[in-house]
Amino acid sequence: MKSDKNEQYIKDFYENRKSKNFAILGIIIFLVVLFFFITILRMDITG
């Protein structure tokens, strides 16, 4: 019984960690794209 609860806890822990990692990855990709577009716009203004 205790082992079954422990396995479920570990499974839930890694599931939550995986979703957090995907959220952080999405934020990082968004920031990279945002800085890329800002750089392109500044090049067009000054160029």
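This briefing summarises the fold, surface and aromatic contacts of one protein chain. The model is predicted. The protein chain contains 1 helix and 0 strands, and buried residues account for 0% of its 47 residues.

**Fold and overall surface**
- Helix α1 spans residues 2-46, and Leu-25 lies in this helix.
- The accessible surface of the protein chain amounts to about 5,000 Å².
- Carbon and sulfur atoms contribute 68% of that accessible surface.

**Nonpolar surface patch**
- A nonpolar patch of about 790 Å² is present on the surface.
- The residues that make this patch are Phe-22, Leu-25, Ile-29, Val-33, Phe-36, Phe-37, Ile-40 and Met-43.
- Leu-25, one of the patch residues, has a relative accessibility of 42% and therefore counts as partly exposed.
- The class of Leu-25 follows because its 42% falls between the limits of under 20% for buried and over 50% for exposed.

**Aromatic pairs**
- The structure holds 2 aromatic pairs.
- One of them joins Phe-13 and Tyr-14 in an edge-to-face arrangement, with 5.3 Å centre to centre and 75° between the planes.
- The Phe-13 and Tyr-14 pair is edge-to-face because its angle of 75° satisfies the criterion of over 60 degrees between planes.
- Phe-13 has a relative accessibility of 38%, so this residue counts as partly exposed.

Definitions and conventions. Residues are numbered from 1 along each chain as its sequence is written. This is a predicted model: local features need pLDDT of at least 70, side-chain atom pairs count only at pLDDT 80 or more; totals for chains, interfaces and linings use all residues. Side-chain values use heavy atoms; hydrogens and water are left out. Patches are made of residues with over 30% relative accessible area and no salt bridge: like charges are joined within 9 Å, nonpolar side chains (Val, Leu, Ile, Met, Phe, Trp, Tyr) within 5 Å. Accessible areas come from the Shrake-Rupley method with a 1.4 Å probe; for residues, only the protein chains shown count as cover. A salt bridge is a side-chain nitrogen of Lys or Arg within 4 Å of a carboxyl oxygen of Asp or Glu. Helices (H or I, at least four residues) and strands (E, at least two) are DSSP runs, numbered from the N terminus. Buried means under 20% relative accessible area, exposed over 50%, partly exposed in between (1.4 Å probe, protein chains only). Rings of Phe, Tyr and Trp (its six-membered ring) pair if their centres lie within 6.5 Å; planes under 30 degrees apart count as stacked, over 60 as edge-to-face and the rest as tilted.
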